Number of protein chains: 2
Amino acid sequence: MNAMTRLLERSKELALLNSISALLHWDQETFLPRKGAAWRAEQLAHLAGLSHRLWGIEEVGVWLSECEEFGYPEGSDEAVNLREWRRAYDRAVKLPTEFVEECAKTEALSQHAWREARAISDFRVFEPHLAKLVSEARRKADFWGYRKSRYDALLDAHEPEATEEDLGVMFERLAPELSRLAAEGISTTSTHPAPPLPPAPYPVKAQQAFNREVAAAFGFEFDAGRIDSTTHPFCTRLGPADCRLTTRYDEGDFFCSFYGVLHETGHGLFEQGLPPEHYGTPLGQAVSLTVHESQSRLWENHIGRSRAFWEFWFPRAVEYFPQLRSSSAEAIWRRANRVERSLIRVEADVVTYDLHIVLRFEIERRLINGQLNVPDVPAYWNERFKSLTGEKVPNDRLGCLQDIHWALGAFGYFPTYTLGNLYAAQLMETAGRDIPGLDTALTAANYAPLLEWLRQRVHRHGMRFTGGELMRRITGSEPQEAAHLAYLQRKVRSLGE
Amino acid sequence: MNAMTRLLERSKELALLNSISALLHWDQETFLPRKGAAWRAEQLAHLAGLSHRLWGIEEVGVWLSECEEFGYPEGSDEAVNLREWRRAYDRAVKLPTEFVEECAKTEALSQHAWREARAISDFRVFEPHLAKLVSEARRKADFWGYRKSRYDALLDAHEPEATEEDLGVMFERLAPELSRLAAEGISTTSTHPAPPLPPAPYPVKAQQAFNREVAAAFGFEFDAGRIDSTTHPFCTRLGPADCRLTTRYDEGDFFCSFYGVLHETGHGLFEQGLPPEHYGTPLGQAVSLTVHESQSRLWENHIGRSRAFWEFWFPRAVEYFPQLRSSSAEAIWRRANRVERSLIRVEADVVTYDLHIVLRFEIERRLINGQLNVPDVPAYWNERFKSLTGEKVPNDRLGCLQDIHWALGAFGYFPTYTLGNLYAAQLMETAGRDIPGLDTALTAANYAPLLEWLRQRVHRHGMRFTGGELMRRITGSEPQEAAHLAYLQRKVRSLGE
């Protein structure tokens, strides 16, 4: 059997184990009983060790070298897989298996602690865990090595083309523009107020049915997926035809679960659009977190917060929530787009959203580079949040405990959200030029042309191109802020009309 | 490191993998999207292979022999674990790993086919799968070897002390007694009719809350467990502190989910009562399916169908289901105990229940021993069911497709249900003698003394004794039918009072 066949087999075996870990994680977030957490941590650590041993061993290195010497033609399926396998292998072998198992255990226990800390809004419950997570992330960076900063090494795991320096420059350029747009949006919202939603309750069952109908209209296939309920919404793939979304419900406000679902549906459509025949190899895998986020933000905001969207869906929404009869498509659209100071990132409007990312980027780079100590996180968070948005953070639950990412050991992940916003806007600009009659289709809630375009341009390629390369191929230009800022500017103006 | 330490480590590693498989199975029954079934089968097959390789390899045999030569004192923890490890090892090494993986895949796919067949009530959808399952079970028996019949080899996996011959004799003795009691019970039920439950609906949410309250009163710990919804109720343990029960809901009849939960709670209390410090070794594992079933039937029937039970719980039930106000504790008790011809085993009354087992025992021993062909199963089922109970089976869904067991590859499992009934009755007789004031406690829904007695006598021992040995130690006599038949006779008489 030749080296390529062996690599393909090993890659699929790894996919089996990783998809099993994904189920353990999903269950941990959805259904795991409180006392089951410790054993779950053992299970995840054990699987992480198995996976790491399967991929990070010498024979894999030998197979990779053999294949590289053989020299598959550039652009061939084999060459693409080889490139990504090499990258993953080089990163894997640098981490000792015991360390990988230790990290998996820390992460599983930290998630539990995070949930408890969040429930009672007390950072101190999470603090020792965060300290361990930061220390392990720093050790990880040291194992991997880096040119300029430890944070770069972590970024590389999530967005290989990004550096701390470039991001720093970008955010410095973006932040004042965002602040200006936020101020304009807030002022416009106050002169053209968005009336509050008609009175609650919005029963969970009705929310679930409405969410499901819209996700299905977008193209999400429920025979190969589902939606459940978690503290923190996410999308995960447990197999080639098993993609699961989660959201959270608030019977006082159906937007909470609804936009959660639209966002995760964007991720889910990407996963469901990957070529199943390549499942378990890089060609069957989403190219990067940034491109992933471009899909979720595109469906959530560019589609789900458009005027056309609510003009079509308002009558359906009224059937699920009869109290909406006293409202209107226009009012719901305004409500879904009102610009305001908000404490929670995942509930933030499109204009202020990236300011939340600026804050997280600042904190995590400082944590990793040793310029901020863990016990000082809440104070830093609250102070900087005030200076960025003018808003006072009343407690940790609504402040530094709101996101699960650090508890997952994910440092260097947040910037991909803003990059995803930039990509989404660029993609929509291009789609508007490429797809004849796109606006008409969207007005009629016919999402097939857009989904098909995304399938062809983005989804089906898996990791064939890097994220940046893919964007250049599709849009003809570098990833940049212009399209996003133009989109936000149009949005703010439309609110004043 | 000595051989015993290695065996303990390996046993716990195996427990990690097996508990992960248990989650995959649980998810398959509860939440897996339709198209996810194929990959789930791959995952389960892979884990089955890993487990089998971990346990069925030479080094384990060497460690076992070393420990056996060392000679741990009889009755010591080490000796008990050794005895059971040896048994498991000898069975494991006889099966080739590829065959184990193949069986795991067949089972996963069969369960899916069974669910589809059941949904449209068409045995033909399940038939090719059942044929494969039977053929694999026969091959398994051949690998394992047997003295008298292939069915014995399969029985040995579920109830090591049972033989086809003994069971045949027992069922022949039991069947006429059961038929006599059933006839008496049916006639008594017709002269003292049990009024139907007040009109539906019994909302799922109210059922869930009531079920939960009673399970908690029995002693089930929800911090270390949960209840979900499946086609076929079951209990599974996914870790030392993660025990999950399932049931199914019918808004027309709350008994369906309620007695399902009481039954599974009996299993769950056993699992939650096993010594956690021995988790992952035989000492931390339930002794046998029969003893397991004795626990579920004890809580479901001896407790949950007693007069005292409904006298206490009726007022609570009324709070969840206000329509019960027009009924009474007496009427609900009669309804829960009415003897009648029934099609579905899990919904059968205590008197006719074991007749369902007689039928399954007859069919599966014939399938395995080659005296019945798979395509003839529905005809055999329907004819024999008529002769045993007088009832005509209207379709496969209510006939031979009602149980999941064969789809799980479990042949030789059903007899443990009847043996469990016998054990339950013997245990209750002994508990009545052993526990001062048991009746008074039960009247006040104080289940702690009974649970504590079961914890001490049954649960905490794990596999220290064989099932038969344990029963002899507790009750002072061999497992036998007398106590169960006496219980049924008392039940039938009480219905005529």
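How many residues of chain A are in contact with residues of chain B? It's 27 residues of chain A with 27 residues of chain B, where "in contact" means that the C-beta atoms, placed from the backbone, lie within 7 Å.

Some housekeeping. This is a predicted model, where local features need pLDDT of at least 70 and side-chain atom pairs count only at pLDDT 80 or more, while totals for chains, interfaces and linings use all residues. Residues are numbered from 1 along each chain as its sequence is written, and chains are lettered from A and ligands numbered from 1 in the order in which they are written.

Okay, back to the side of chain A that touches chain B. The elements giving two or more residues to that side are helix H1 (3–30), helix H2 (37–55), strand E1 (225–229) and strand E2 (235–239) of chain A. Helices (H or I, at least four residues) and strands (E, at least two) are DSSP runs, numbered from the N terminus. H1(A) gives the largest share, six residues. By class, this side has 13 nonpolar, six polar and eight charged residues. Here Ala, Val, Leu, Ile, Met, Phe, Trp, Tyr, Cys and Pro count as nonpolar, Asp, Glu, Lys and Arg as charged, and the others, Gly among them, as polar.

Now, how do the copies relate? A turn of 180 degrees and a shift of 0.0 Å along the axis lays chain A on chain B with an RMSD of 0.0 Å, superposing by least squares on the C-alpha atoms of residues with pLDDT of at least 70 in both. So the two copies are related as by a two-fold rotation axis. The same surface serves both: 100% of the contact residues of chain A recur in chain B.

Let's look inside chain A. It's divided into domain 1 (3–146) and domain 2 (164–495), with bounds from an automatic or database domain assignment. Their C-alpha centres lie 26 Å apart. The contact takes 37 residues from domain 1 and 33 from domain 2. On the domain 1 side, H1, helix H4 (77–93), helix H5 (97–120) and helix H6 (123–144) of chain A each give two or more residues. That side divides into 18 nonpolar, eight polar and eleven charged residues.

Last stop, a helix pair in chain B. Helix H16 (residues 415–434) and helix H19 (residues 467–475) of chain B pack at an angle of about 25 degrees, with their axes 10 Å apart. Axes are lines fitted to C-alpha atoms, for helices over the stretch in contact, and angles run from 0 to 180 degrees between N-to-C directions. That makes H16(B) roughly parallel to H19(B); angles under 35 degrees count as roughly parallel, over 145 as roughly antiparallel, 65 to 115 as roughly perpendicular and the rest as oblique.

How values were computed
Contact = placed C-beta atoms within 7 Å.
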